[in-house]
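Morning, everyone. I have one structure to go through today, so let me put it on the screen.

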Amino acid sequence: MPIGIHDLSFATGHYVLEHAELARAYGVDIDKFHLGIGQEAMSVLAADEDIVTMAAAAAQPIVDRHGTGDIRTVLLATETAVDQAKSAGVYVHSLLGLPAATRVVELKQACYGATAALQFAAALVAREPSQRVLVIATDVARYDLESPGESTQGAAAVAMLVAADPAILRVESPSGLFTADIMDFWRPNYRSTALVDGRTSITAYLQAVEGAWKDYGEQGGRAIDEFSAFCYHQPFTKMAHKAHRHLAEFASLADTPNELHTAVLPTTLYNRVIGNSYTASLYLGLAALLDHRTDLDGRPLAMFSYGSGSVAEFFGATVVPGHREHLRTAGNRSAVNRRTPIDFAGYRALHEQTLPTDGRDHELPVEGSGPFRLLGLSGHKRIYQARAHRS
Ligand code: HMG
């Protein structure tokens, strides 16, 4: 029985900061961003948005289309958790009005978490094919101001309904797996921004591509020339091209440089203007690919997930014939295009803002335009609210 992605929807932040603004402010050649790392803009959250409001906004259209009845599990993957104990998924469960008879849990392994969630969801559906699992990847990528990582920041949430006989994508086995204990990127509990050893992280990512591909072959996976497109985790979009060139060489794929470029390019179109969204990044890449290529019915895709620290997985998936009727291309484009431009000063002010930790009552300014907002804090508790008129 095929199992996989039955529906997919994403949400991102209220604001967009163009890299041209960053380049002007820091006196950096814009080509470093546009060509060097392959980024044009990044999503920035309004003061009343966070991973919960984005996650609920991403999942709402799925619940609107399919109802809540068959969803008995919510798996929320994030590495920018808002609480050390309570799953952000429980807030989302409440905002979406999901039934009490649901299990909800949060998963973490840097950017890899959503792929773990997808695979665990597939296993649950294999056991009980009448049930569906709501998988949500939601993250805000934040680095210190004026650090090399700053230009790769971004934010987004992707929600996926995992079901038997899916309408969009059949997830295949085997998977190729790779884990290595490495400090390439991490965020200790006392920090709100990530620490990273940039060059080490790129090398670690490329080693993980090799390791996961090698295991995929040993487990009996497809030959590399069977795939019609390659979807990689995208901390910045140039990384996907680097990874694909590296894999092609390692796996002796005889494509020309132009073919290698074309196999990845459509997957980068949303990430290029949203920035890194950690757990959501690979699945934004998938959304971009499906929204921009019309020739994928019945064809196999390669998916590579990487989470620093590090865990990686390479797996194949087949695009379901007729899937285009089930895509949300107009909604996806609108999530990107309706963002409000923010200037450098506004972005910096938001970056420097932290939520009060004194336990008193604090109301946040009404700023974002998404369907849900973080109303404020009271007694160390976050209070969320659905807007009366959804945008
Ligand atoms: P940097 O020091 O700002 O940039 O760091 P650079 O000097 O290395 O330049 C970047 C590229 O731009 C280079 O190209 C330059 O040649 C080029 P490359 O040699 O790599 O092909 N360049 C130019 N090109 C055209 N015109 C110009 C120009 N100037 C320079 N004028 C770095 C870049 C990525 C290290 C930094 O942004 C960083 O630390 N980012 C965060 C870490 C990261 O994204 N790592 C990626 C792998 S780890 C990962 O994917 C996991 C992650 O998502 C987290 C998780 O798992 O949770 C991060």
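A residue counts as near a molecule here if one of its heavy atoms lies within 4 Å of it. Keep in mind that this is a predicted model.

I'll start with the ligand. It is surrounded by 26 residues, and the closest are Glu79, Cys111, Arg199, Ser201 and Lys242.

Next, some polar contacts. Asp29 places a polar side-chain atom 3.1 Å from a nitrogen atom of the ligand. His233 also contributes through its side chain, with a polar atom 2.8 Å from a ligand oxygen. With Pro148 the partner is the backbone: a polar atom there is 2.9 Å from an oxygen atom of the ligand. As for coverage, the ligand taken alone exposes 1,100 Å², and the protein buries 76% of that.

Now the domains. The assignment gives domain 1 as 3-169 plus 327-386, and domain 2 as 170-322. Their C-alpha centres lie 20 Å apart. Across the boundary, 59 residues of domain 1 are in contact with 50 residues of domain 2.

Last, one helix: α12, residues 344-352. Which of its residues are buried? They are Phe344, Tyr347, Leu350 and His351. These four sit on the same side of α12, because they cover an arc of only 130° around the axis. What do they pack against? The buried residues of α12 pack against β2 (15-18), α1 (19-26) and β3 (41-44). On the face turned away from that buried side, α12 carries the exposed residues Ala345 and Glu352.

That's what I have; I'll take questions.

Methods:
Residues are numbered from 1 along each chain as its sequence is written. This is a predicted model: local features need pLDDT of at least 70, side-chain atom pairs count only at pLDDT 80 or more; totals for chains, interfaces and linings use all residues. Side-chain values use heavy atoms; hydrogens and water are left out. Buried means under 20% relative accessible area, exposed over 50%, partly exposed in between (1.4 Å probe, protein chains only). Helices (H or I, at least four residues) and strands (E, at least two) are DSSP runs, numbered from the N terminus. The arc is that of the directions from the helix axis to the C-beta atoms. Contact means heavy atoms within 4.5 Å. A polar contact is a pair of N or O atoms within 3.5 Å; within protein, one must be able to donate a hydrogen and the other to accept it, and residues adjacent in sequence count only if both atoms are side-chain atoms. Accessible areas come from the Shrake-Rupley method with a 1.4 Å probe; for residues, only the protein chains shown count as cover. Domain bounds come from an automatic or database domain assignment.
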